[in-house]
Structure formats: C-alpha cells, structure tokens
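User: Please take a close look at a single buried position in this complex and then work outwards to what surrounds it. I would like one connected account rather than a list.

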Amino acid sequence: MAFQILLNIFLAFLWMFIKVSADPISFIKGYLFGLLIIFVLRRFFKSRFYLFRIWSFVKLTLIFFRELILSNIAIVKIVLKPKLDMSPGIFALETDLTEDWQITLLSSLITLTPGTLVISVSDDNKILFVHAMDIGEIETEISNIKNTFERAILEVSR
Amino acid sequence: MSVIVNFLIGFFVLAGAFLCLIATFGVIRLPDVYTRNHAASKATTLGVMSILLGTFLYFYAFLDHFNSRLILGFVFIFMTSPVSGHLINRAAYNSGIKLWDRSVRDDLKEYNEQVLKKDKL
C-alpha cells in the first residue's frame with residue numbers, strides 16, 4: 001500500500017514536470033491522473049488498490065464512534081438504575097488476529113463497546129480476557145464482536 | 001444558520017458535562033474496581049470529547065479561528081483512554097484485587113492456574 005501511494009506521488013510530480021508548472025493545483029491534477037493509472041494497472045500489484053483499504057479504514061473509524069456512543073448510553077442506564085442488579089464476570093475470547101497492531105486495535109474497540117473491558121491478553125496472543133458488566137448471553141456477545149470488529153479489522157489489513 | 005450552530009454548541013458542551021457527571025456518579029456508586037473502570041473509562045472519554053468539540057465549534061463559528069489543537073486533543077483522548085482503562089484493570093487484577101462477590105465467572109483465574117501447573121511440570 002505504501003508503494004502504491006509513493007508511486008502515485010511520483011506520477012503527480014511527473015505530471016508537474018511535464019506541464020512545467022509547480023503549483024499545488026497541478027500537483028492535485030497529477031495525483032488524480034496517477035490514481036486513474038494505478039486503478040487501471042491494479043492487477044500488477046501484490047496488494048489491492050489502496051483506495052479500497054482507505055475506505056475500509058474510514059468504515060472502521062465510523063464503527064468506533066458508533067460503539068462509543070452506544071456504550072455511553074448503556075453506562076448511563078446502568079448508573080442511573082436504582083438497583084445494582086448486574087452480574088459482572090470475566091470471559092475468554094479467542095481471536096483469529098495475529099499481528100500485534102490488530103490485537104491492540106481489537107482490544108481498544110472492545111473496551112469502547114457497551115459493557116466490556118479487556119483485562120488481559122494471553123502470552124501467545126490467542127485469547128483476550130474480557131470483563132463484562134452484564135454476563136447474560138456470552139455466546140451472542142462473542143459472535144457480535146467476531147462479526148463486526150474482527151471482520152472490519154481483517155478488511156483493513158487484507 | 002447561526003441558530004443551528006448555537007444549538008449544536010450548547011448541546012455538545014451540556015452533553016459532555018452531563019456525561020462527566022454520570023461518570024462521577026458511577027465511580028461513587030458501582031461496587032468494585034472493574035465496574036468503576038467501565039464508567040470512568042467510557043463516559044469521560046465521550047464527555048471530554050464532546051466538550052472539546054463544542055469549544056472548537058464556538059471558536060470557529062464566532063471568532064473565525066480554526067484551532068487545530070482542539071482536534072488533536074480530541075484524537076489523542078480517543079486513542080489513549082481505552083488503553084489507560086485496560087492498563088488500570090490489568091494492574092488491579094495482577095495485584096490480586098477481588099471481583100465483586102456477585103460476579104458470575106472468572107476464566108482468567110482458570111487460565112492462570114493452568115499456566116502455573118504447566119510451569120511446575
């Protein structure tokens with residue numbers, strides 16, 4: 001992905017040199033033309049076209065914000081309830097993610113989801129231990145995390 | 001137009017202050033470290049973030065001043081506060097602070113015992 005961006009900047013400079021004009025407008029024009037060229041030649045690169053990856057990163061950021069707002073609503077509900085009737089606990093969550101940055105991202109996503117907080121990561125990076133505020137249906141919780149967050153992170157790194 | 005902006009600024013600042021208040025109540029009311037950490041690490045994140053956003057909007061709309069440091073602070077809080085919540089929880093667990101007595105299950109304890117057994121063998 002870094003190679004594609006570098007190539008795109010190089011193509012933009014090439015455009016500026018061909019046009020003999022060194023202003024930002026022609027850089028942007030050259031960048032857009034280079035984007036078109038890279039899109040046409042995308043099957044020669046090992047990774048996929050880099051705008052797709054940037055788009056999936058934007059989606060991941062939006063998921064982050066949505067979860068933050070939902071978790072705050074859940075916290076407000078729990079704190080303002082007159083009786084403390086939740087049942088907290090720690091459950092284990094096995095991940096398929098391998099890279100360090102992916103696991104960091106997943107654990108901060110889990111920390112911002114409603115009612116869950118990561119306590120510890122096992123030494124072989126395979127299990128996350130999550131403290132849940134209300135440990136009603138663990139299975140659905142786990143499948144939720146797997147379906148939304150892990151898939152979004154894998155989408156970014158694909 | 002300016003009515004909408006006024007409303008938004010007021011909404012963001014008041015919602016942030018309300019969330020910080022709720023987080024304080026949570027820290028006082030909830031029973032143990034872990035559940036308190038839930039309240040403190042989530043509600044204050046969004047609270048401080050929305051106060052910063054309201055401030056940014058105010059300076060941008062009324063004084064025509066684009067303050068990028070507020071945006072940076074927004075991003076930094078967003079990145080660091082879940083990590084700090086995680087670290088406090090982990091430190092509390094490793095120094096042996098007990099869960100609330102009405103807690104249901106504890107997978108981490110079993111895992112640690114298994115690891116200890118393996119080390120002995």
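Analyst: Contact here means heavy atoms within 4.5 Å. The model is a predicted one, and under that cut-off Gln102(A) touches Leu97(A), Ile153(A) and Ser157(A), leaving aside residues up to four places away in sequence. Gln102(A) belongs to helix H4 of chain A, which covers residues 100-112. With a relative accessible area of 5%, Gln102(A) counts as buried, because buried means under 20% relative accessible area. A polar atom of the Gln102(A) side chain lies 3.2 Å from the backbone nitrogen of Glu99(A). As for the backbone, the C-alpha atoms of Gln102(A) and Val156(A) are separated by 9.6 Å, although these two residues are 54 residues apart along the chain.

From this position one can turn to the nonpolar packing. The largest nonpolar core has 39 residues, and those with the most contacts inside it are Leu93(A), Leu106(A), Ile110(A), Leu128(A) and Leu30(B). Chain A elements that give two or more residues to this core include helix H3 (50-80), H4 and helix H5 (138-157), while those of chain B are helix H1 (2-29), helix H2 (33-62) and helix H3 (68-94). The element that gives the most to this core is H3(A), with eight residues. In soluble globular proteins, nonpolar side chains tend to be buried together. Leu128(A) touches, among others beyond four places away in sequence, Leu93(A), Ile103(A), Leu106(A) and Ile110(A). Another core, of nine residues, lies apart from the largest one and has among them Phe129(A), Tyr34(B), Tyr93(B) and Tyr111(B).

The last step is the contact between the two chains, which takes 45 residues from chain A and 35 residues from chain B. The area buried between chain A and chain B is about 3,400 Å², and carbon and sulfur atoms give 73% of that area. Between the chains the count of salt bridges is zero, whereas five residue pairs are in polar contact, both residues being at pLDDT 80 or more. H4, the helix in which Gln102(A) is found, is one of the elements giving two or more residues to the side of chain A that touches chain B. On that side H3(A) gives the most, with eleven residues.

In chain B, H2(B) has 30 residues and reaches 43 Å from its first C-alpha to its last, close to the 44 Å expected at 1.5 Å a residue. Just after H2(B), Asp64(B) takes a positive phi of about 55 degrees.

Definitions and conventions:
Residues numbered from 1 in each chain as written. Chains lettered and ligands numbered in written order. Predicted model: local features only at pLDDT ≥ 70, side-chain atom pairs only at ≥ 80, totals over all residues. Heavy atoms only, no water. Helix = DSSP H or I, 4+ residues; strand = E, 2+ residues; numbered from the N terminus. Buried < 20%, exposed > 50% of the residue type's maximum accessible area, 1.4 Å probe, protein only. Polar contact = N/O pair within 3.5 Å; in protein donor to acceptor, adjacent residues only side chain to side chain. Core = buried A, V, L, I, M, F, W, Y, C linked by side-chain atoms within 4.5 Å. Expected span 1.5 Å × (residues − 1). Buried area = accessible area lost by both parts, 1.4 Å probe. Salt bridge = Lys/Arg side-chain N within 4 Å of Asp/Glu carboxyl O.
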